[in-house]
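Please open the structure in your viewer and keep the sequence beside it, ready for a short walk from one selection to the next.

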Amino acid sequence: LNVPRSIKSLSLYKNQIKLIGNKLTQGSINNIEEINLGANQLNVIKTENFFRLKELRVLLLNDNSIAAIESGSFGTQTALKKLDISGNKLAFVMSDGLVDELTNMEEFYFDNSEVKLLGAKLLEKTTALKVLHAHKNKIKALPKGFLDSLAALEELQLDLN
């Protein structure tokens with residue numbers, strides 16, 4: 001995608017995008033701080049999708065059909081403050097290591113995503129987390145110690161599970 005280097009925010013909301021190709025993260029887009037890919041037709045997030053976007057602070061992937069997120073998909077987004085993967089079809093275990101690199105993340109949304117189980121150490125390294133929305137999933141219980149590392153947590157939504 002060829003956009004001016006001065007662009008910091010890119011909205012591709014509701015464009016029927018099915019795949020995130022390498023062209024999205026090539027060229028001048030490397031300095032982008034916010035991407036909205038909400039309400040598209042994405043079904044998988046791969047490791048290479050965002051690896052060049054090291055300045056990314058906000059990533060909105062909500063309301064797609066994402067059923068799989070490869071381990072390490074957010075490995076280079078250490079500046080990320082907000083990740084929204086809500087409204088997807090995750091229906092899997094939110095496993096330990098999924099967001100390990102996101103140590104500066106302050107907001108994490110995965111509500112209404114059919115999540116059934118949470119890894120006990122899923123959020124262990126996200127110590128800056130202030131907002132966690134996991135409502136309207138199929139979570140029956142939180143693993144022992146799940147919230148222990150979240151001293152900065154200010155808002156927790158677990159209703160309708």
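## Stops along the tour

Begin by selecting Asn-137, which in this predicted model touches Phe-110, Asp-111, Asn-112, Ser-113, Glu-114, Val-115, Leu-160 and Asn-161, leaving aside residues up to four places away in sequence. Asn-137 sits in the loop between strand 10 (131-133) and strand 11 (155-157), and it counts as buried because its relative accessibility is 7%, where the cut-off for buried is under 20%. If you display its side chain, you can follow it to the backbone nitrogen of Val-115, which it reaches at 3.0 Å.

Next, show the strands and look for an open sheet of seven, ordered 1-2-4-6-8-10-11 and paired in parallel. Strand 1 (9-11) and strand 11 form the edges, each having a single partner strand, so one side of each has no neighbour in the sheet. Within this sheet, select strand 6 (residues 82-84) together with strand 8 (residues 107-109), which pair in the parallel sense over three bridges; Lys-82 has Glu-107 of strand 8 as its bridge partner.

Which residues should you select to see the two salt bridges of the structure? One joins Glu-106 to Lys-81, with the closest N and O atoms 3.6 Å apart. Glu-106 lies in the loop between strand 7 (93-94) and strand 8, and Lys-81 in the loop between strand 5 (68-69) and strand 6, so this pair ties together parts 25 residues apart in sequence. The other joins Asp-100 to Lys-125, where the closest N and O atoms are 3.8 Å apart, and Lys-125 is partly exposed, with a relative accessible area of 43%.

How values were computed:
Residues numbered from 1 in each chain as written. Predicted model: local features only at pLDDT ≥ 70, side-chain atom pairs only at ≥ 80, totals over all residues. Heavy atoms only, no water. Helix = DSSP H or I, 4+ residues; strand = E, 2+ residues; numbered from the N terminus. Buried < 20%, exposed > 50% of the residue type's maximum accessible area, 1.4 Å probe, protein only. Polar contact = N/O pair within 3.5 Å; in protein donor to acceptor, adjacent residues only side chain to side chain. Contact = heavy atoms within 4.5 Å. Pairing = 2+ DSSP bridges. Salt bridge = Lys/Arg side-chain N within 4 Å of Asp/Glu carboxyl O.
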